[in-house]
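Biologist: Please walk me through this model feature by feature. Give me the general idea, then the case at hand.

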Amino acid sequence: MAEGIYTEREWRLRGACVGSSAPICWGAQYVQPVPRRKLYQHRGVHVLMLLCSVAVALLIPVCSRRRMEPASYPMAVPPATKAQMSVRQVAGISFAMPPDLTMVQHTYTMEELCRGKLLLLDKKHPLPALAPHPNTLTIATYGKGMVPVGDLSLKTGKETIRALTGLFADLRSNGIGGFVVWQGAQTCAEQWEQALAYMRTQAGQSTLETAAQQVWQAMEPPGSGELQQEYTVELRMVQENTHLPDTRPLEETTPGRQLLRLAWRNGFVRTQPEGEGYQGFRFRHVGIAHATAMTYLDVDFATYLAILHEKRVMTVQGEKGEAYLIQCIPVQGERTLLQLPKGSVSEVSFDNMGYVIAASNLGNNRLSPQETSQPVKAAN
């Protein structure tokens with residue numbers, strides 16, 4: 001029935017019917033017919049569409065479900081042959097298990113292992129996804145003024161700050177001053193800010209392309225590098241009457257040589273990251289056991305890991321009579337089972353190359369010296 005104005009007669013002839021609730025009207029009346037609902041307005045259609053949506057949502061995960069696969073980690077690559085590396089012979093180092101040790105089993109998860117101090121971190125070895133965010137503190141505050149810093153906002157881990165306190169105390173007792181902590185742990189955003197600041201400096205002296213190349217050669221890409229952990233710091237001398245760092249190699253200065261002599265005794269080793277801008281000034285707190293072994297063997301961090309991958313067992317005799325057992329085994333997946341000396345204090349770490357490394361303090365146990373025809377004196 002079309003909409004319009006009708007007389008009563010026309011209205012009756014056309015068969016229009018007004019609802020019973022409509023008032024009686026004799027004469028002309030304006031009538032608007034009830035509109036027909038469209039398909040999408042029906043409640044039943046709404047219910048049907050809702051049921052179809054629920055069915056599709058349930059079918060998607062079922063149809064796309066894949067077989068659960070274990071988490072993948074860097075695979076350990078055992079050396080092809082034994083005695084592949086030429087290792088320095090030192091009286092305080094032996095590559096054999098000490099006798100009469102009672103061993104007990106300990107299980108470590110990958111998340112626990114990724115908190116360790118021995119992760120190899122560079123452009124080719126990024127920080128593992130399971131590594132937790134560094135638990136850092138302000139060096140100036142927690143160091144109680146005993147650790148000089150180039151910036152009061154620098155942060156690092158509590159254990160590293162304690163080791164820095166001992167290191168700077170040893171430096172002062174030897175009449176050495178002028179060193180400061182130049183860099184601490186950095187977030188990805190802080191790395192970007194530092195890269196942009198360095199870029200602005202270089203852009204004023206060369207083209208943008210050349211400046212960008214210099215930045216990426218001197219710095220790790222943001223989101224990578226060992227400053228993401230809480231164990232690495234950069235130690236620099238500050239030039240007199242300036243706020244600029246001394247660029248001379250540590251080996252060429254008397255304070256630098258003293259720093260190298262005392263650093264490993266406090267658990268620090270010097271790392272060699274890629275890029276000339278930071279080479280030689282970064283130190284990582286790896287603990288007394290590993291620092292002593294690396295210093296005795298006179299090797300850098302990466303070479304030390306390669307030696308452990310091949311030898312698997314190392315015993316270290318410290319200067320004060322303390323003994324350490326260092327073991328290296330391939331990672332076993334999400335959980336790794338280790339045999340550690342009973343009653344010892346052990347530090348366990350993933351190395352980011354497929355191996356797990358454990359250093360156990362055996363106490364003041366004098367170990368049998370390594371049988372060598374020409375033992376080499378330990379580092380100064």
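Biologist: Which residues form a nonpolar patch on the surface?

Modeller: Patches are built from residues with over 30% relative accessible area and no salt bridge; like charges are joined within 9 Å, nonpolar side chains (Val, Leu, Ile, Met, Phe, Trp, Tyr) within 5 Å. Here Trp192, Leu196 and Trp216 make up such a patch, together offering about 310 Å² of accessible area. Accessible areas come from the Shrake-Rupley method with a 1.4 Å probe, and for residues only the protein chains shown count as cover.

Modeller: Two ground rules. This is a predicted model, in which local features need pLDDT of at least 70 and side-chain atom pairs count only at pLDDT 80 or more, while totals for chains, interfaces and linings use all residues. Residues are numbered from 1 along each chain as its sequence is written, and side-chain values use heavy atoms, with hydrogens and water left out.

Biologist: Where is Trp192 found?

Modeller: Trp192 sits in helix 6 (residues 188-203). Helices (H or I, at least four residues) and strands (E, at least two) are DSSP runs, numbered from the N terminus. The protein has ten helices and 15 strands.

Biologist: Why does Trp192 count as partly exposed?

Modeller: Buried means under 20% relative accessible area, exposed over 50%, and partly exposed in between (1.4 Å probe, protein chains only). Trp192 has 44% relative accessibility, so it counts as partly exposed. Of the 380 residues of the protein, 39% count as buried.

Biologist: Now charges. How many salt bridges does the structure hold?

Modeller: Side chains of opposite charge can pair when their charged atoms come close. The cut-off: a side-chain nitrogen of Lys or Arg within 4 Å of a carboxyl oxygen of Asp or Glu. The structure holds nine. One of them joins Arg284 and Glu226, at 2.8 Å from N to O. Arg284 lies in strand 10 (residues 282-285) and Glu226 in the loop between helix 7 (208-218) and strand 8 (232-237), so this pair ties together parts 58 residues apart in sequence.

Biologist: Are Arg284 and Glu226 buried or exposed?

Modeller: Both are buried. Another pair is Arg236 with Glu234, whose closest N and O atoms are 2.8 Å apart. Arg236 is buried at 6% relative accessibility, and Glu234 is buried at 0%. There is also a network of salt bridges linking Lys117, Glu159 and Glu347.

Biologist: Which residue forms a salt bridge with Asp246?

Modeller: Arg248 does, with the closest N and O atoms 2.7 Å apart. Asp246 is found in the loop between strand 8 and helix 8 (254-263). Asp246 is buried, with a relative accessible area of 12%, whereas Arg248 is partly exposed at 46%.

Biologist: What else does Asp246 touch?

Modeller: Contact means heavy atoms within 4.5 Å. Not counting residues up to four places away in sequence, Asp246 touches Arg236, Met237, Val238, Gln239 and Phe281.

Biologist: Last, the interior. Which residues of the largest nonpolar core touch the most other members?

Modeller: In soluble globular proteins, nonpolar side chains tend to be buried together. A nonpolar core is a set of buried Ala, Val, Leu, Ile, Met, Phe, Trp, Tyr and Cys residues joined through side-chain atoms within 4.5 Å. The largest has 27 residues, and Ile93, Leu297, Tyr304, Met314, Val316 and Ile326 touch the most other members. Helix 9 gives the largest share of this core, six residues. A second, separate core of 23 residues includes Ile139, Ile176, Met237 and Phe281.
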